[in-house]
Amino acid sequence: MESTNRREFLRKVFLGTGAALSLGCLVSGNAGSPDSFISIPGSGSLPKHDKMRKASRKEAMYYTRLDRQRIRCDLCFRKCIISENGTGFCRVRENTGGKLYSLVYGNAAGLQIDPIEMEPMYHMLPGHRNLCVYTASCNFRCKHCHNWHISQRGPSQISARQYSPRDIVRIAKRRGCKSISHSINEPTVFYEFMYDIAVAAKGEGLLTLFHTNGYISPEPLRDVLQFMDGVTVDLKAFDEVFYKDISMASLQPVLETLQVIRENNVHLEIVYLVIPTLNDSMEEIGNMCRWISKHIGRDIPLHFNRFSPMYQLTNLPRTPVRTLEAAADTARQNRLRYVYIGNVPGHQTGYSTHCPACGRMLIRRTHFTVERNELKNGGCSNCGMKIYGIWE
Ligand code: SF4
């Protein structure tokens, strides 16, 4: 039987089968089991009260005033021009009186604790507990979004609860988490909250990371990377037409983001969701692998995840496992060292880490559970080759 993954869990919560959760109950599981989580969702009350609205507002960090009426948001590559009382494409940045405000500062749609592998992030302290923070909305419009219940809604349309960055850090420490991640919805849209959490978390010795679509502008990216240990980037396709038609975005900025992260020496992992007929040609996947190998590096872990019909793409089938395996073979043929297959519970080798030099299985995972870890001082226990990652 398939284990519940984070996306399936969220879908149940927001579609109502998790009604008890949306009333503020706490659900706990055994850390490390495939479907374990401790979820602290929103309080169930929509942020409709003035007090809540006010608490969620914070002046944005990156914008330019163009004239008396208009502002340009400089946070992401969209560079929205926003008129008085208007919001940007992401719905959560508003021009009020000539100043740009984030509308989701501290306004967490949920907090979730589960193994770090669920980010996915496989080369960072395997198996440790991670606290994930998320809010409403996104700066993409992906037709296949698995989290559309929150990502395609504004802050007034979802259940949320107010937390300070210090609250988040306290919860993470109290619950034995070694890291805090910002994911589920696009963290760029709650940048100021993420930034302040990361600063507070570093002061308490926690690891910090975020999972992004890569559309953030270089300056805010560089600024937040100073307080980040790891980033997972979705590379949704290696084709501008896909980005335009499926996500209402473009590929080139995402490639720039990957390069900036690499230049700043922050741990990086890449996810490629393989969607039948849209981005599953081995020619496209091969081109992407060659680009990664040349411009980012062969050490960067690459996750080929399985697509399931979702949101506006329910007409397509699930990705055949053989397609994912062919994609992984293509990546290895292009000399990428750490290649994974995701969203296929029970896959024999797709979740595990192998030494690229001698082939020994170093970390055996069953879905998101680490069964065995044979790394020795961050290297292969058999041949001694150093393995890319944060291991201590
Ligand atoms: S963060 Fe939002 S408002 Fe700012 S440029 Fe991007 S989509 Fe537009």
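Author: Before we start, one definition: Ala, Val, Leu, Ile, Met, Phe, Trp, Tyr, Cys and Pro count as nonpolar, Asp, Glu, Lys and Arg as charged, and the others, Gly among them, as polar. Keep in mind, too, that this is a predicted model.

Reader: Thanks! How do the residues of the shell around the ligand divide into these classes?

Author: The shell has seven nonpolar, three polar and three charged residues. In total, 13 residues surround the ligand, and the closest are Cys73, Cys76, Cys80, Gly88 and Cys90. Cys counts as nonpolar and Gly as polar.

Reader: What makes strands E4 and E5 a pair?

Author: At least two bridges are needed for strands to pair. Strand E4 (residues 71–73) and E5 have two bridges, so they pair, and they do so in the antiparallel sense. For a partner to look at, find arginine 72, whose bridge partner in E5 is isoleucine 81. These strands belong to an open sheet of three, in the order E3-E4-E5. Strand E3 (63–65) and strand E5 (81–82) are its edge strands, as each pairs on one side only.

Reader: Then there is the sheet with the order E18-E19-E20. Why are strands E18 and E20 said to stand at the edges?

Author: Strand E18 (353–354) and strand E20 (369–373) each have a single partner strand, so one side of each is left without a neighbour in the sheet. E18 is joined by two bridges to strand E19 (residues 361–366), and the two run antiparallel. There, histidine 354 stands opposite methionine 361 of E19.

Reader: On to the helices. Why are H7 and H9 called roughly parallel?

Author: Helix H7 (residues 218–225) and helix H9 (residues 251–263) pack at an angle of about 30°, with their axes 10 Å apart. Angles under 35 degrees count as roughly parallel, so H7 and H9 earn that name. The contact is made by Pro218, Leu221, Arg222 and Leu225 of H7 and by Glu256, Thr257, Val260 and Ile261 of H9. By class, that contact has five nonpolar, one polar and two charged residues.

Reader: And what makes H5 oblique to H6?

Author: The axes of helix H5 (residues 165–174) and helix H6 (residues 191–203) cross at roughly 50° and come within 8 Å. The roughly parallel class is for angles under 35 degrees and the roughly perpendicular class runs from 65 to 115, so this angle falls among the rest and H5 is oblique to H6. Pro165, Arg166, Ile168 and Val169 in H5 meet Asp196, Ile197, Ala200 and Ala201 in H6. That contact of H5 with H6 has six nonpolar, no polar and two charged residues.

Definitions and conventions
Residues numbered from 1 in each chain as written. Predicted model: local features only at pLDDT ≥ 70, side-chain atom pairs only at ≥ 80, totals over all residues. Near = placed C-beta within 6 Å. Helix = DSSP H or I, 4+ residues; strand = E, 2+ residues; numbered from the N terminus. Axes fitted to C-alpha atoms, helices over the stretch in contact; angles between N-to-C directions. Parallel < 35°, antiparallel > 145°, perpendicular 65-115°, else oblique. Contact = placed C-beta atoms within 7 Å.
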